[in-house]
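Reader: I would like to go through the labels attached to this model and see what each one rests on. Please set the values against the cut-offs where a cut-off matters.

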Amino acid sequence: MKITNFLQAVIYPLAGAVGIVLIWEFYTRYFSVSQIVLPSPSSIADAMFAERELLLKHTWPTLLECIYGFGLAMVIGIPIAVCVANSRFLNLTFYPILIATQSVPKVAIAPIILVWFGIGMESKLVIAFLVAFFPIVVDTATGLRATPAGLIELSRAFRASPWQIFTKVQFPAALPFIFSGAKVAVTLAVIGAVIGEFVGANEGLGNLLLTANSQLDTPLAWAALITLSLLGILLFLAVAIAEKLLMPWNSSAVH
Amino acid sequence: MAGGAVSFGHFRNVRKTFPRPGEEPLVSIEDISFDLKDGQLISLLGPSGCGKTTFLKIVAGLVKGYEGTVQIAGEHVREPHPDFGIVFQQANLMPWRTVLSNVLFPMEILGRTGAEAVEQARELLSQVGLEGFEKAYPPQLSGGMQQRAALCRALVHKPKLLLMDEPFGALDELTRMEMHDLLLGIRERTGATTLFVTHSISEAVYLSDVVAVFSKRPALLADFIEVDLPYPRRQEMRYSSDFVELEHRASRALGISR
Ligand SMILES: Nc1ncnc2c1ncn2[C@@H]1O[C@H](COP(=O)(O)OP(=O)(O)O)[C@@H](O)[C@H]1O
Ligand SMILES: [Mg+2]
């Protein structure tokens, strides 16, 4: 049962992807579409293979920007969520501001961030942080507030300290929320890093994509794009695996 | 240590109001007085919303600012007491902990972890028929099994007073009857003094030494029914004339029948 489910989850989308690639390949060949407009899958694959070292070289800084930005968002976002969830004063004072800042388009502040943090990795990291921060704070705060009242009451009945209640009850109860926020955040972090690289950078996949595009090397641009997607999927999977490892009880539910 | 003549639980003119913005305060409990003797099981029986939970939480030290006297073992109750065990209507198990670890939670908070605590928890689990489920996670258990684990958690630190708030209210009839005998068996072994909140007349009569009938909100004591049926109770007793007579008396006190 489990295995057939797994195969279904893998084989069906895989078959769909292969189908799309085949149609795409056929279309570009049959109608002799210019490689500049739409490169064929095989030429993208060629480019990916031929330029694998270049791609890897540019993957590294982008990956670091994402991980640092995402990590920073977790490290700063979770404590802020804890404060907001536990203090009425902080909640009333800062939560509305926090939400208001979310209406500021991150693309629009990217140039400003670049002015502040320079053209190096720091500016991308900050932009990745800014986009990843919000879902982490909101989901964590929601999770902390959603702790079943009965559990807190039970702990109080045994005179658990606020710290014990937090570490033993509130935080584990919020973990599923934190992870769903983290999964959104990590994909957003990739977008943030690429925005930063678009606005100004010397390296990174976003930068490579722009350069390839301006040189009309469309297959390479597509190769960079696909590498970026793979990077996003990889980061998402890493968080999903961490979730499975840290919350074994979630997958063990049978009904 | 209260024993013999001095009652274990001493409740006099207990009154509780909740402030309401722009209105008269809501009187949840008007005036409740009774005594709970050492080892006794008293049910608090009353209609929904009459203040039973509020009363139980006052005794548990979870509700502040009541009027009157609430003493347990000679001490005024003002805050939670680690010598109490509590079971709520919801099992309230932590889904991220195994059954065993859930049962050990109170010991963890009380700083009494160790091989002895684990032994005690395992012993309790086997007593309620959960042997072999120590490593299971709560979502894998049925409602009745979850409530049994919750009962073990309430008993693991050998509390002097067991407080139960409609613990079997969410269970089906058959499971509930099983749980009644389970609870009475445990009580026989541990001798824990128990306050048991319920809105089921037959449950109250079946389990208790005394049924304290609460009136509609604001709660007054409508009747204080001594159940002189012998322990151990047997399911057949539910159909005896004495039992039915007691149920009738409780029903009259509740104003349901005449
Ligand atoms: N914390 C509270 N704040 C305000 N009103 C409350 C609170 N707790 C209980 N009440 C009110 O007190 C009354 C009795 O509630 P409760 O003790 O839960 O009744 P029962 O357990 O008998 O069903 C209800 O009207 C309820 O709304
Ligand atoms: Mg209640």
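Author: Chain B exposes about 11,200 Å², and carbon and sulfur atoms supply 50% of that area. The model is a predicted one.

Reader: What share of the exposed area of chain A do carbon and sulfur atoms supply?

Author: They supply 75% of about 13,800 Å² in chain A.

Reader: What makes the radius of gyration of chain B agree with that of a compact globule?

Author: The rule for a globule is 2.2 Å times the number of residues to the power 0.38. For 258 residues this gives a value near 18 Å, and chain B has 18 Å, so the two agree. The C-alpha trace of chain B spans about 50 × 45 × 40 Å along its principal axes.

Reader: What are the corresponding spans for the C-alpha trace of chain A?

Author: About 75 × 55 × 30 Å along the principal axes of chain A.

Reader: How do you know which elements chain A is built from?

Author: The assignment gives 11 helices and zero strands for chain A. Read from the N terminus, the elements of chain A are α-α-α-α-α-α-α-α-α-α-α. Chain B, for its part, has eight helices and 10 strands.

Reader: Why is B:F55 called buried?

Author: Buried means a relative accessible area under 20%. B:F55 has 0%, so the residue is buried. B:F55 sits in helix α1 of chain B, residues 52–60.

Reader: Which residues is B:F55 in contact with, leaving aside its neighbours within four places in sequence?

Author: Contact requires heavy atoms within 4.5 Å. Among the residues that B:F55 touches are B:F11, B:V14, B:I29, B:I32 and B:F34. The list also includes B:L44, B:L195 and B:F214.

Reader: Where do some of those partners lie in the strands?

Author: B:V14 stands opposite B:I32, and B:I32 is in β2(B). B:I29 has B:A219 in β10(B) as its bridge partner.

Reader: Is B:P167 buried or exposed?

Author: The cut-off for buried is again under 20%. With a relative accessible area of 1%, B:P167 therefore counts as buried. B:P167 is found in the loop between β7 and α6 (173–190) of chain B. Leaving aside neighbours within four places in sequence, the contacts of B:P167 are with B:V87, B:F88, B:Q89, B:Q147, B:F196 and B:V197.

Reader: How many of the residues in each chain, as a percentage, are buried?

Author: In chain B, 55% of the 258 residues are buried. In chain A, 43% of the 255 residues count as buried.

Reader: What makes β1 and β2 of chain B a pair?

Author: Two strands pair if there are at least two bridges between them. Strand β1 (residues 9–18) and β2(B) have seven bridges and run antiparallel, so the definition of a pair is met.

Reader: What about β2 and β10 of chain B: how many bridges do they have?

Author: Strand β2 (residues 26–36) and strand β10 (residues 219–226) of chain B have two bridges, in the parallel sense. The requirement is at least two, so the strands still count as a pair. One of the bridges puts B:D31 with B:L220 in β10(B).

Reader: And what joins β9 of chain B to β10(B)?

Author: Five bridges join strand β9 (residues 210–214) of chain B to β10(B), in the antiparallel sense. B:V213 has B:D223 in β10(B) as its bridge partner. With four residues between them, β9(B) and β10(B) form a hairpin.

Reader: Why is the pairing in the sheet called mixed?

Author: The open sheet holds 10 strands of chain B in the order β5-β4-β1-β2-β10-β9-β3-β8-β7-β6, and its pairing is mixed. The parallel sense appears in β2 with β10, and the antiparallel sense in β1 with β2.

Reader: What makes β5 and β6 of chain B the edge strands?

Author: β5 (75–76) and β6 (84–87) each pair on one side only. For β6(B), strand β7 (residues 161–165) of chain B is a parallel partner over four bridges. There B:F84 stands opposite B:L161 in β7(B).

Reader: How far apart are the centres of the positive and negative side chains in each chain?

Author: In chain B, with 28 positive and 32 negative side chains, the centres lie 4 Å apart. In chain A, with 13 positive and 12 negative, the centres lie 17 Å apart.

Definitions and conventions
Residues numbered from 1 in each chain as written. Chains lettered and ligands numbered in written order. Predicted model: local features only at pLDDT ≥ 70, side-chain atom pairs only at ≥ 80, totals over all residues. Heavy atoms only, no water. Buried < 20%, exposed > 50% of the residue type's maximum accessible area, 1.4 Å probe, protein only. Areas by Shrake-Rupley, 256 points an atom, 1.4 Å probe, with all protein chains shown as cover. Lys, Arg positive; Asp, Glu negative; His and termini not counted. Charge placed at Lys NZ, Arg CZ, Asp CG, Glu CD.
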